[in-house]
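This note is written for a colleague who is beginning to read protein structures. Please keep the sequence and the model at hand while going through the points.

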Amino acid sequence: MAEGGLRPETLAAHALGRVDEATGAIIPAIHPSTTYERDADLGYSRGRCYSRADNPTYDAAADTLTALEGGARTLLFASGMAAATAVFQALRPGDHVLVPKVMYWALRAWLLDSATRWGMVVEPVETTDLTAVRAALQPGRTRLVWVESPANPLWSVTDIAAVAELAHAAGARLVVDSTIATPVHTRPLALGADIVMHSATKYLNGHSDVVAGTLTAAREDEFWARIKAVQVQIGGVIGPFEAWLLQRGLRTLFARVRWQSASAQALAERLSGHAKVVHVLYPGLPGFPGHEVARRQMSGGFGGMLSVRVAGGEEAAIAVAARLGLWKRATSLGGVESLVEHRASIEGPTSPVPRDLLRLSVGLEATEDLYDDLAQALG
Ligand SMILES: *Cc1c(COP(=O)(O)O)cnc(C)c1O
């Protein structure tokens, strides 16, 4: 394996470049087997016993992501939610956790509903405000700080290095949902995070045809062993076919995400001047509140996601989405096709998202075509 000294673009393009010893194949095989042969003495000298715990098809995607994030080990899960909830399920009843006030809404709903029911003390805090994080941390009781940056769907940016320092000083771990930034733009472990999580359903796979999640650890400690135990016991594992598609998607990660970020930046700038747009939310805009932090912790772009607040309120926003032709009205993000969504109506009455907001996931189409469609829909 030629990992030494190679740049992330190269590592991703080759998915580490391992050639199959038995066949010479340069693309890894898919191993559908659920079970593995025992030795005569009942041991497993080849290292695997059952696919709820492990499967060789996982290796290419998991090890590539480990290299891209600069971590020690990656686990692949059945979804981003399976990955995220495994982290919280590795804690104990009574443990206090800090989570963002604005975050991926299904995880927020699970935390406030199920995790709380099992005795976890979940405290939403404005993680972009370091004073608020410092005040909310309870040394010895707070076990985990969860951060999402940029955070769905307002794209607020949290200073990962600063929160890591605060969390560690209080004896808590920091986990970062880096789904939007991807390892192309941000490496949370290098900034001090203990674990980085991705919904691999989004940019890592990138083609809207796999549901998957990942966790990458800075080090294989006791907490990581607990997370692995939760995964093996509960069974939120990825299938071999999905793992194979994920390694294929990862190979084009840099080309896709750089294009998407450049396109999103251009669209954000042009839409900022549009008469029917009240406000553009995008970390790459100099006037955006988190822009300075984003410049420090994101390199090579600010991601492919932006939101616009439409003049005329909720009805006008929904009407704009209805008039779009090229942008597909659909949930999810990070695929090659551009998507639009009115988040407030998806998230329901408890959503903190403004009613006039449309979330835009920028795909790989020509930026001009995407802008023209938005311009005709805005009128
Ligand atoms: C989609 C998403 C998730 C959840 O991932 P699934 O793969 O849908 O389970 C978590 N965090 C963010 C930021 C997401 O966009």
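The numbered points below treat two sheets, a loop and the surroundings of the ligand.

1. The model is predicted. The points that follow should be read as a description of that model.

2. Consider the sheet of seven strands. Its strands follow the order β1-β7-β6-β5-β4-β2-β3, and the sheet is open, with mixed pairing. Each of the strands β1 (73–77) and β3 (121–125) has a single partner and stands at an edge, so one side of each is left without a neighbour in the sheet. On average, neighbouring strands of this sheet are turned by 20 degrees against each other, direction ignored.

3. Within this sheet, one pair may be followed residue by residue. Strand β5 (residues 173–177) pairs with β6 in the parallel sense, over three bridges. Which residue of β6 is the bridge partner of Val175? That partner is Ile195. Helix α6 packs on the sheet and touches β4 and β5. The direction of α6 makes about 150 degrees with that of β5.

4. The loop between β4 (142–148) and α6 (160–169) deserves separate attention, and Pro150 lies in it. The peptide bond from Ser149 to Pro150 is cis, with omega near -15 degrees. Pro153 lies in the loop between β4 and α6 as well, and a cis peptide bond joins Asn152 to Pro153, with omega at about -5 degrees. Trp155 is also found in this loop. Phi of Trp155 is near 65 degrees, which is a positive value in a residue other than glycine. Why are these features worth a remark? Most peptide bonds are trans, and most residues other than glycine have a negative phi.

5. The next subject is the ligand. How many residues surround the ligand, and which come nearest? There are 14 residues around it, and those that come nearest are Gly80, Met81, Asp177, Thr201 and Lys202. The shell divides into five nonpolar, six polar and three charged residues.

6. Three short distances to ligand oxygen atoms can be examined in the model. For Gly80, a backbone N or O atom lies 2.8 Å from an oxygen atom of the ligand. For Thr201, an N or O atom in the side chain is 2.6 Å from a ligand oxygen atom. For Lys202, a polar side-chain atom lies 2.7 Å from an oxygen atom of the ligand. The ligand taken alone exposes 380 Å², of which the protein buries 92%. The elements α3 (80–89) and β6 (195–199) are those that give two or more residues to the shell around the ligand.

7. The other sheet to consider is built from five strands. This sheet is open, its order is β8-β9-β12-β11-β10, and its pairing is mixed. The edge strands are β8 (277–281) and β10 (328–329), each of which pairs on one side only. Strands β8 and β9 (residues 305–310) run antiparallel and are joined by four bridges. Val308 in β9 is the bridge partner of Val280.

8. A helix accompanies this sheet. Helix α12 (residues 313–323) lies across four strands, namely β9, β10, β11 (339–341) and β12 (357–361). In which direction does α12 run relative to β9? The helix runs at about 125 degrees to that strand.

Definitions and conventions:
Residues numbered from 1 in each chain as written. Predicted model: local features only at pLDDT ≥ 70, side-chain atom pairs only at ≥ 80, totals over all residues. Heavy atoms only, no water. Pairing = 2+ DSSP bridges. Contact = heavy atoms within 4.5 Å. Axes fitted to C-alpha atoms, helices over the stretch in contact; angles between N-to-C directions. Near = heavy atom within 4 Å. Polar contact = N/O pair within 3.5 Å; in protein donor to acceptor, adjacent residues only side chain to side chain. Areas by Shrake-Rupley, 256 points an atom, 1.4 Å probe, with all protein chains shown as cover. Nonpolar A, V, L, I, M, F, W, Y, C, P; charged D, E, K, R; others polar.
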